[in-house]
Amino acid sequence: MDNIREKLSRCFALAFPKLDPSQYATASAQNMSEWDSIAQLTLLTLIGEEFGREIDFEEFEGATSFEALERALQVQ
Amino acid sequence: MRLAEALRAIGQLAGERKMSVHLLCGCMPLHLGTFIHAHLALRFADTYIDLRTGLFGDLEGNLQRAYQNGGDGAIVVIEWSDLDPRLGFRASAGWRNETLDDIVAQVHDKSRSLDARLLELSKKMPVAVAAPSIELPPMSYLPPSQAGHFELRLNAILAGFLERMAGHDGIRLVSGATLAMASPPNTRHDVRMDLHAGFPYTLPHADALAEASVQCLFPSPPKKGIITDLDQTLWNGILGDVGVDGVSWSLEGKSQAHALYQQVLASLADSGILVAVASKNDPDLVNAALQRPDILLPPSQIFPIEVSWGVKSEAVGRVFETWNIGADSVVFVDDSPMELAEVAEKYPGIECLRFPPDDPAAVVALLWQLRARFGKNEVLEEDRLRLNSIRASAAPRQENAAGTAADFLSRIEAKVTLEAAGADPRAFELVNKTNQFNLNGARYTEVEWKALSRRPGAFLATISYEDRFGPLGRIAVLGGYKENDLCYVDVWVMSCRAFSRQIEFQSVRQLFEKTGAFEIRFRFKPTDRNGPLRSFFARFFPTGSSVEGELHLRSDDFERLCPPLFHQVHDQWTISEKN
């Protein structure tokens, strides 16, 4: 689990370079204006690279927060 | 490059210099934009780059808006769907047989209107165009193994369009062949992403397309010289063992790879690249071998030829001395890993490439590498003169050894010609590749370069030189602007081939005379490489030529400290009064 969080944090650092790492855990598309559909695609592609997986974009469509992404990655 | 690496490279963008570059396409720019941004960041390390993208599905409109907004360059990525949406994978307008003719007509018309837009844009900024890199959809009734009329007509229209574009100044085409080497066609299309988000490229293809496009738009300055070994490199065999007739470079001798290498070297020499030999060998045998009538790289194209039994790096050092250029502008090719390592250790900046004599495929890869290092957009008159002028420079050095420099210079019938640089591509080339005699090391994009001449009071001159040893061509550029009685110089470079002829002094004298200024203010910046320029300034500013700043030189001080000059001056330079 820690490993997933660490990797996901690395993706967030690249997709949202202005976001303070202490805010990753509560970050979501609802509270971040820069988290738009383009950022979501970039983030999912980074996750694909970081976790070495092919990401099904439709499957992750609703995963628009750090927490939701972490949960989805734990399930897979 | 992975997407994460690209984002890291973009994250490190910084610098006082700013550039804006357009990515113009009809698809979602998404990761292609990220990779282009990253490759631009790597290409221009000290520059903040603003990458501008346009609207989805509106390539022509994007071209128009880029023209209106201006910028330092544009990368235009065309896909079949930009020529007719029915040729994409996101449209559902029908692939019925009766629509095929209409699609061909539409592609023809669209390519014509893109012509006009691209031509218009190229007047404002350099443009790199990438042709469709995603395959056509399975819309023809023919089996895929068979090329049909529909597909061939589309490709003919595309080829005609690209050929027309290639004929325009300011438009460069991304090489499809080079792109195919880095990104095989069947690995390019990400269908899922295309349908989901309108972004058609796999990540590796987006990276390859981005890299090729950036290199096409802003090519790296070419290297200046190549030093080659002989045995098992320029030819097959050990000359000392098999003799002059025993070495070979032919199909019959099973040594065609060496013939290919010789042909590339001869072609590079034709385009002004310096070619030298550094070989451990018997000089008489080498001379005889190079005189063979079947040689493809004749000795007239090689200078100097350093042949001895000494250490290889010493021979390479003598070549540098003759050429008077830095190691980082030179490629050294040898079959021996030991020799390559020895030279690389002595000259860390030099690029050492191994000639693999037993692997023809690797030789061809090496030849492509050489083309990449030495490729240039055009071959100028100076490229033709370069080798002869270096050869001729060796003669003055020997003659000069007998008397004083002034006495020697008074006898060589030197002529200096000043001309307005205007749109001379040689001036732009010189400014962006000269390191040693360079006022401040500044490099310019084409757009920045044109803007310099539009400043109030601006002047920009090229300086040509010849003496009784032959012409050097246009070897210096001097630019700046005049304001009241002051003249500001922020561009001043001179080719290293022109050193020791006091052309720099004559240039300053002419600038004083031409502008009527009582003081010239040089915008100077020391760099790792501009020692020769600093040595010149040390004469006038004994304590102030090592830190960045403005150096003020009054005309009376200049004349007091200037050595006697013997050039005949041909002044064809008019500073425009309207400025």
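Start by selecting B:Pro304, which sits in the loop between helix 12 (283–290) and strand 8 (305–308) of chain B; helices (H or I, at least four residues) and strands (E, at least two) are DSSP runs, numbered from the N terminus. Show the backbone here: the peptide bond from B:Phe303 to B:Pro304 is cis, with omega near -5°.

Before moving on, some housekeeping. This is a predicted model, where local features need pLDDT of at least 70 and side-chain atom pairs count only at pLDDT 80 or more, while totals for chains, interfaces and linings use all residues. Residues are numbered from 1 along each chain as its sequence is written, chains are lettered from A and ligands numbered from 1 in the order in which they are written, and side-chain values use heavy atoms, with hydrogens and water left out.

**Backbone stops**

Next, pick B:Gln232, in the loop between strand 6 (225–228) and helix 10 (239–242) of chain B. Its phi is near 65°, a positive value in a residue other than glycine.

Then jump to B:Glu413, in the loop between helix 17 (405–410) and strand 11 (415–420) of chain B. Here too phi is positive in a residue other than glycine, this time near 55°. Is B:Glu413 buried or exposed? It counts as exposed, at 57% relative accessibility (buried means under 20% relative accessible area, exposed over 50%, partly exposed in between, with a 1.4 Å probe and protein chains only).

Keep that loop on screen and add B:Arg468, from the loop between strand 13 (458–467) and strand 14 (470–483) of chain B. B:Arg468 is partly exposed, with a relative accessible area of 39%. Which backbone oxygen does its side chain reach? That of B:Arg411, at 3.1 Å. Now measure from B:Arg468 to B:Ile412: the two are 56 residues apart in sequence, yet 5.6 Å apart in space, C-alpha to C-alpha.

**Over to the interface**

Bring up chain A alongside chain B. In contact (heavy atoms within 4.5 Å) are 13 residues of chain B and 13 residues of chain A. The area buried between them is about 1300 Å², with carbon and sulfur atoms giving 67% of it; buried area is the accessible area (1.4 Å probe) that two parts lose on being put together, summed over both. On the chain B side, select B:Leu7, B:Arg192 and B:His196: they lose the most area to chain A, together 40% of what that side buries.

For the charged pairs, the rule finds 2 salt bridges across this interface, a salt bridge being a side-chain nitrogen of Lys or Arg within 4 Å of a carboxyl oxygen of Asp or Glu. One of them joins B:Arg2 to A:Glu49, with the closest N and O atoms 3.6 Å apart. Colour chain B by secondary structure, and you can see where its side of the contact comes from: helix 1 (3–11), helix 2 (30–43) and helix 8 (191–197) each supply at least two residues.

**Last stop: the cysteines**

How many disulfides does a search of the whole structure find? The count is 0 over all chains, taking a disulfide as a pair of cysteine sulfur atoms within 2.5 Å. Select B:Cys25 and you'll find the nearest cysteine sulfur, that of B:Cys27, 3.9 Å away. B:Cys25 counts as buried, at 3% relative accessibility. Finish at B:Cys562, where the nearest cysteine sulfur belongs to B:Cys487, 16 Å away. B:Cys562 is buried too, with a relative accessible area of 11%.

Terms used:
Polar contact = N/O pair within 3.5 Å; in protein donor to acceptor, adjacent residues only side chain to side chain.
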